[in-house]
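I opened this notebook to record what I looked up in the structure. The entries follow in the order of my queries.

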Amino acid sequence: MTTTAFITHRDCWLHDMGTFHPECSDRLAAINDRLIAAGLDLYLSFYDAPEATPEQIRRVHPESYLNELTSSVPEHGIRHLDPDTAMSPGTMKAALRSAGAGVLATDLVLKGEIENAFCAVRPPGHHAERSKAMGFCFLNNIAIAARHAVDAHGLERVAIVDFDVHHGNGTEDAFRDDPRVLMVSIFQHPFYPYSGADCTAPNMVNVPIPAGTRGDAFRQIVTDTWMPALRAHKPQMIFISAGFDAHYEDDMGSIGLVESDYVWVTQQVKAVAEECGHKNVVSILEGGYSLSSLARSVVAHIKALADL
């Protein structure tokens, strides 16, 4: 029996923010190629992501925002919502599948059909605030999945682990001061989106790190700060905002993580889940823009999820 689901959809390739934009469909192609080259496809259960329903999205984003997004989709070409976030005719199809992937992953894990899941989707989501698209993000995939676990499955405590190089301001916006949801994160600071360092909400364990931080310091933060917070929260499910742009090869940031760091942190997350009496982990792709390091890191992360 396979323990790990791989969830994606070809619609996620339809979103296009223009030639040379780093958040492009080549990211998913690179992951797919590396997955097959590593022989991992034999050990995973593959699922097509459904579209998230309006009800599932409205748990995080108000209907007025969803209507605004839908009406902003251009018939052709590209429409910018801000200097680095743009919509194309296929953007909403991709965004709905990306949000739906996390919902499906949550259902599969909590029904016991698989132990954990990785969602290879785009656009990413952790910068999308309740009523604002930004930072390449439109719908907050991880927040929608976490809210689904709480509202549809009745979980009382979930956790979100975010190791993207950028602060997940949208996820914080969705859950700040919600005691059911603990968020632990690292992010380069000062750096886009210039938030997170001053948050005083007790359920937000944000650890800003300076440019040049390497894996040893990252591991110390996880051990000393994340792990005690996670253990104290006793989450019934853990979600991972899996951004791989803190890799030393990724020019998007200036942090020096490598594949072995992503393997290690994945193992730590799984260990906390098992300490809490389950194996419920759902990981959703966020950033990662150097195609080679992204693909290598994702495959390493999935191997750790699948105990391979």
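Before the cysteines, I noted the scale for accessibility: a residue is buried under 20% relative accessible area, exposed over 50%, and partly exposed in between. The model I worked with is predicted.

**Entry: cysteines.** I asked how many disulfides there are, taking a disulfide as a pair of cysteine sulfur atoms within 2.5 Å. The count came to zero. For Cys-24, I found that the nearest cysteine sulfur belongs to Cys-12 and is 14 Å away, and Cys-24 is in no disulfide. Is Cys-24 buried, exposed or partly exposed? Its relative accessible area is 22%, so I entered Cys-24 as partly exposed. I then turned to Cys-137, which is likewise in no disulfide. Its nearest cysteine sulfur is that of Cys-12, at 13 Å. Cys-137 has a relative accessible area of 1% and is therefore buried.

**Entry: nonpolar surface.** I looked up which residues make a nonpolar surface patch of about 350 Å² and found Leu-42, Tyr-43 and Leu-308. Where does Tyr-43 lie? I located Tyr-43 in the loop that runs between α1 (26–37) and β2 (44–48). Its relative accessibility is 45%, so I recorded Tyr-43 as partly exposed.

**Entry: annotated domain.** I consulted the UniProt record, an unreviewed entry, which places the feature "domain: Histone deacetylase" at residues 21–305. For residues 21–305, I noted 41% helix and 16% strand. The end C-alpha atoms of this span lie 30 Å apart.

Note on methods. Residues are numbered from 1 along each chain as its sequence is written. This is a predicted model: local features need pLDDT of at least 70, side-chain atom pairs count only at pLDDT 80 or more; totals for chains, interfaces and linings use all residues. Side-chain values use heavy atoms; hydrogens and water are left out. UniProt positions are given in the numbering used here, feature names are shortened, and annotations may be inferred rather than shown by experiment. Helices (H or I, at least four residues) and strands (E, at least two) are DSSP runs, numbered from the N terminus. Buried means under 20% relative accessible area, exposed over 50%, partly exposed in between (1.4 Å probe, protein chains only). Patches are made of residues with over 30% relative accessible area and no salt bridge: like charges are joined within 9 Å, nonpolar side chains (Val, Leu, Ile, Met, Phe, Trp, Tyr) within 5 Å. Accessible areas come from the Shrake-Rupley method with a 1.4 Å probe; for residues, only the protein chains shown count as cover. A salt bridge is a side-chain nitrogen of Lys or Arg within 4 Å of a carboxyl oxygen of Asp or Glu.
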